[in-house]
Amino acid sequence: MRTLVLMMVLSLSVSAQAFDFGNFDLEKAVKTVQKIKKANEDVSEPQEIELGSGIASNLLGAAPLLDNPEVQRYVNRVGRWIALQTERPDIPWQFGVLDDADINAFAAPGGYVFITKGLLARMNNEAELAGVLAHEISHVLRKHHLQALKKGARSELFSDLANDAIKTQGGDPRLTKLVSAGTEIYARGLDKQDEFESDRMGVVLAARAGYDPYGLPAVLQTLQSINPNDSNLALMFKTHPSFDKRLQLLADEMTPALDAYERQPDLDVRFAGVMAARK
Amino acid sequence: MKRLIAALLTLGFIASAAAEEAITLRSTEMKAKPYSDAQTLLTLPERSKVEVLQRRASWTQVKSGKTTGWVKMLSLQLVRGTTQRRADNGLRSLFNVAQTGRGGSNVTTGVRGLSEEDLKNAKPNPQALAEAQQFAATKAEAKRFAMQGKLKAQQVDYLPGGER
């Protein structure tokens, strides 16, 4: 497909300049080809959402959804409210709590965000939940998982999807492979810089949503104090930069920029009420 | 806050009142109140050990010797194994999330969560995804929820890039 496009663009450029070979700008033609190629290597929003829903479905195959409708609805409301403060307010954002003791959170392309029960259980208020959800939302905003797929071992399949060679309907086995590759990113982790960027954006999104922006660093501080041999932290340790480094960067970045928002509410009472309610 | 404490006490969530400890990561001013322009009570040198009383936004109330005051939260590192009480919310007790050993012991938890292998071998569960979808919030619901919590949307610019 790409070769075909390349040939077409080259022949167009050549014929347009056919009467004056002396002025044929090869450099310009190559740049045009590169530009077209680049445009075709990004998936469309519907493709992103389809890919994300496949990855989310896999995640729910690995860990079940927590059977507590009140907690699920609560987490969705906090998450949706934050998402409304972002540059992608209209994608079908969906949040969920996984019934899993591991301490982790996951974002999938297209607006799917999950946190584990193990992580939720270590939070103290709604601002902390907001901080973690905002970090995950930022991964979706910046398309970090799509970038990882593009650079990964299945980059050819990603290009095929971007170039419409793979249809999202009809059960193309290549799409299944791409979805599997997308799920495996959770076992390997994203680029460190992507994690730092999501921390940096997450605290701002929490502030935009009216929360105390220090919820995310507070969670990181709690996790930092957990015994590092705790098996429930093993995957988080493997796939994320150290809590020390993340907290150090946030300390430098948040002060004094976010000091003006530190007296915004953390809604500890509302949080405790939902967590304590029996279904 | 009082309601919260009452609720927690009723449900028996505050199991122990063991002191939570932290170490200062840098030389840090201890303030009389949780504000930058509050009176400075004393300056804690780097690596001072303090007792943690409570957190309020970017400030943590600590006790050092006989002095109680507020220091910047991010100037502190909590001491491992002393944070049981703070991290024990209702969900943790209700859902029996495994507890870690106290006092920094090397005991690992018995319950093993989501592993690398689970993710690599994951099979789709579209039924669970459809179930999850029914809890999604509409924009209107989210706005109503924010209003109930007196959350006010703010204009805040993204922070400039950190380490690259």
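Visitor: In chain B, which helix has the lowest confidence and which the highest?
Guide: This is a predicted model, so let's start with how far chain B can be trusted. Its mean pLDDT is 79, and 68% of its residues reach 70 or more. Within chain B, confidence bottoms out in α2(B), at a mean of 53, and is highest in α5(B), at 98.

Visitor: Over which residues of chain B is the pLDDT below 50?
Guide: One such stretch is residues 10–17, with 13 contacts in the model beyond near neighbours in sequence. Another has 31 contacts of that kind. Where pLDDT is low, don't read the predicted coordinates in detail. That second stretch of chain B covers residues 94–110.

Visitor: And chain A, where is the pLDDT below 50 there?
Guide: Chain A averages a pLDDT of 89, with 87% of the residues at 70 or above. Its stretch below 50 has 2 contacts in the model beyond near neighbours in sequence, and that stretch is residues 14–19.

Visitor: What ipTM does the predictor give the complex?
Guide: There are two scores for the complex, both from the predictor. The pTM is 0.83, and the ipTM is 0.84.

Visitor: Which element of chain B gives the most to the side that touches chain A?
Guide: The contact takes 82 residues from chain A and 70 from chain B. On chain B, α1, β7, α2, α3, α4 and α5 each supply at least two residues of that side. With 6 residues, the one giving the most is α4(B).

Visitor: How many residues on that side of chain B are nonpolar?
Guide: Split the side of chain B that touches chain A by class, and you get 17 charged and 19 polar residues. The nonpolar ones number 34.

Visitor: Are α11(A) and α13(A) roughly parallel or antiparallel?
Guide: Their axes come within 10 Å and cross at roughly 150 degrees. Among the residues making the contact are A:Leu220 and A:Leu223 of α11(A), and A:Leu247 and A:Leu250 of α13(A). Angles over 145 degrees count as roughly antiparallel, so α11(A) and α13(A) are roughly antiparallel.

Visitor: Which hand does the crossing of α11(A) and α13(A) have?
Guide: By class, the contact between these helices has 6 nonpolar, 2 polar and 2 charged residues. As for the hand, α11(A) passes α13(A) in a crossing that is left-handed.

Visitor: Is A:Ile115 buried or exposed?
Guide: A:Ile115 sits in strand β3 of chain A. Leaving out residues up to four places away in sequence, it touches A:Val97, A:Ala105, A:Leu120 and A:Val132. The cut-off for burial is 20 or more other C-beta atoms within 10 Å. A:Ile115 has 25, so it is buried.

Methods
Residues numbered from 1 in each chain as written. Chains lettered and ligands numbered in written order. Predicted model: local features only at pLDDT ≥ 70, side-chain atom pairs only at ≥ 80, totals over all residues. Contact = placed C-beta atoms within 7 Å. Helix = DSSP H or I, 4+ residues; strand = E, 2+ residues; numbered from the N terminus. Nonpolar A, V, L, I, M, F, W, Y, C, P; charged D, E, K, R; others polar. pLDDT = per-residue confidence, 0-100. Axes fitted to C-alpha atoms, helices over the stretch in contact; angles between N-to-C directions. Parallel < 35°, antiparallel > 145°, perpendicular 65-115°, else oblique. Left-handed = near helix turned anticlockwise from the far one by under 90°. Buried ≥ 20, exposed ≤ 12 C-beta atoms within 10 Å, placed from the backbone.
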